[in-house]
Amino acid sequence: MIRSTRAIVQFAAVAAAALLLACGLVVAQPAPAPAPASAAAAGPAAVALPQPGEDNGARAISQPGNNAPMWREVRGAVAGATTLPGLEKGVLIQPLVQYPGTRVTTAGEAWRELRNRWLIPYGGALFVITLLALAAFYLKRGAIGGRHPDTGRLIERFTYFERAAHWSVAGSFVILAVSGLVMAFGKFLLLPVMGGLLFGWLSVALKTLHNFVGPLFAVALAVVLVTFVRDNLPRAGDLRWLLRLGGMVGGEEIASHRFNAGEKVVYWVGVFVLGIAAVGSGLVLDQLIPGVQPTRGNMQVAHIVHDVATLLMMALFLLHIYMGTVGMRGALAAMKTGSVDEAWAREHHALWCDDIEAGRIPAWRSMAADAEGGAAPVAPQNPAPT
């Protein structure tokens, strides 16, 4: 009993000491300083508000968690600190631009919109529509020409040098066109069929081939431009040929010189204008133009010009390839052997044939050049009609 009473007294003493200690601690704490009368009167409006000209450090104080100043600098192409080498280092996002057919947005996003919303779908549609139109025309009309029997008298249409230049352009153009089409449309057409591994190898190989063949195409194109410029100058009768579409309207083929107006359009629009645009932009993409820095902006503009020029050039060259192969009888043989029968020349290029018969143009220009150079003229190896 005595022990129990002693334990109760000790517990009460400890509890009283703890209570006194707690009271002492509470009392010992300093009372909060009274708020200034002005701040109390101002209330919540006295809190600092973010200002437009603040940097990110000031914004962290005025409005913690709001990093808008930093992102404005990023979107404004302000260079930051980086240890990476190269052009535009530290610039994460390009400045705002507006390309044709896009909204005002960052340059990278504008380029993506233009490519994915316009160039890829409409360029592909143009290519397919051109193929279908040529196929429909062939099924309805068939190959033109061959209405007159061959005479056995041959006329030189293309010299060996002209054919070499033409086939150099043609071969390199086919390689560039196929590889370009795979790079542009392969992700949508070939990747689901071939799978990622095989398509990856194919696209890398074709891209490498594209980059190496491009400069060769540029040289061959320059040779073609110089070689055929004289016979592609505008002449009387070209406008009439265009108005009648060479005879497709009216049924009678319009007389022309060595190259008709349609071939001249291919030369000046397809080879000269679009060819120079495609080659120039391609050399920029290959980083072969001195003084043009490979910045993202330059690469994007060059890519847009390259895509537009090559898609239009392919559509125009499809027509040229059609007429030079299955569309016109004897056209492919002329570029392969260099000669045509006199009947072919009379049917398709009557004014050119008249100049040859009048002696204003030699029937065999390579033989005439050999004679002027002191070499003995060489007769054609195959005088049989083609």
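Ile129 is exposed in this predicted model, because its relative accessible area is 56%, and exposed means a value over 50%. The residue has its place in helix 5, which covers residues 107–141. Although Ile129 and Ala315 are 186 residues apart along the chain, their C-alpha atoms are separated by 9.2 Å. The points below start from the whole chain and then go through its cores, its aromatic rings, its salt bridges and one patch on its surface.

**The chain as a whole**

- The chain has 386 residues, of which 32% are buried, and its secondary structure consists of 15 helices and four strands.
- The accessible surface of the chain comes to about 23700 Å², and carbon and sulfur atoms account for 70% of that area.
- Among the contacts in the chain with a separation of 6 or more, 64% are between residues that stand 24 or more positions apart.

**Nonpolar cores**

- The largest nonpolar core holds 44 residues, and the members that touch the most other members are Phe173, Phe217 and Val340.
- Several elements give two or more residues to this core, including helix 6 (160–189), helix 8 (196–228) and helix 11 (296–324), together with helix 10 and helix 12 (331–337).
- A second, separate core is made of six residues, among them Tyr99, Ala107, Ala110 and Ile304.
- Leaving aside residues up to four places away in sequence, Phe217 touches Val169, Ser172, Phe173, Leu176 and Val279.

**A buried serine in helix 10**

- Ser281 belongs to helix 10, which runs over residues 261–285, and this serine counts as buried because its relative accessibility is 6%.
- When residues up to four places away in sequence are not counted, Ser281 touches Ala302, Val305 and His306.

**Aromatic rings**

- The structure holds 10 aromatic pairs, and one of them is the edge-to-face pair of Tyr138 and Tyr322, with 6.4 Å from centre to centre and 85° between the planes.
- Because Tyr138 lies in helix 5 and Tyr322 in helix 11, this pair ties together parts that are 184 residues apart in sequence.
- The two partners differ in how far they are covered, for Tyr138 is partly exposed with a relative accessible area of 38%, whereas Tyr322 counts as buried at 7% relative accessibility.
- The rings of Phe228 and Phe259 have their planes at 70° and their centres 5.9 Å apart, so this pair too is edge-to-face.
- Phe228 is in helix 8 while Phe259 is in the loop between helix 9 (238–243) and helix 10, so the pair ties together parts that are 31 residues apart in sequence, and both residues are buried.
- One aromatic cluster is formed by Phe137, Tyr138 and Tyr322.

**Salt bridges**

- The count of salt bridges comes to 14, and one of them joins the side chains of Arg103 and Glu109, with 3.9 Å from N to O.
- Arg103 is partly exposed with a relative accessible area of 46%, and Glu109 is partly exposed as well, with a value of 23%.
- The side chains of Arg147 and Glu347 also meet in a salt bridge, at 3.3 Å from N to O, and this pair links distant parts of the chain, since Arg147 is in the loop between helix 5 and strand 3 (154–156) and Glu347 is in helix 13, 200 residues apart.
- In that bridge Arg147 counts as exposed at 55% relative accessibility, whereas Glu347 is buried, with a relative accessible area of 10%.
- Arg258 forms a salt bridge with Glu162, and the closest N and O atoms of the two are 2.9 Å apart.
- This pair links distant parts of the chain, with Arg258 in the loop between helix 9 and helix 10 and Glu162 in helix 6, 96 residues apart, and both Arg258 and Glu162 are buried.
- One network, held by salt bridges that share partners, joins Arg103, Glu109, Arg112, Glu113 and Arg117.

**A nonpolar patch on the surface**

- Met70, Trp71 and Leu92 make a nonpolar surface patch of about 320 Å².
- Leu92 is found in the loop between helix 4 (68–75) and strand 1 (96–97), and this leucine counts as exposed because its relative accessibility is 58%.

Methods:
Residues are numbered from 1 along each chain as its sequence is written. This is a predicted model: local features need pLDDT of at least 70, side-chain atom pairs count only at pLDDT 80 or more; totals for chains, interfaces and linings use all residues. Side-chain values use heavy atoms; hydrogens and water are left out. Patches are made of residues with over 30% relative accessible area and no salt bridge: like charges are joined within 9 Å, nonpolar side chains (Val, Leu, Ile, Met, Phe, Trp, Tyr) within 5 Å. Accessible areas come from the Shrake-Rupley method with a 1.4 Å probe; for residues, only the protein chains shown count as cover. A salt bridge is a side-chain nitrogen of Lys or Arg within 4 Å of a carboxyl oxygen of Asp or Glu. Buried means under 20% relative accessible area, exposed over 50%, partly exposed in between (1.4 Å probe, protein chains only). Contact means heavy atoms within 4.5 Å. A nonpolar core is a set of buried Ala, Val, Leu, Ile, Met, Phe, Trp, Tyr and Cys residues joined through side-chain atoms within 4.5 Å. Rings of Phe, Tyr and Trp (its six-membered ring) pair if their centres lie within 6.5 Å; planes under 30 degrees apart count as stacked, over 60 as edge-to-face and the rest as tilted.
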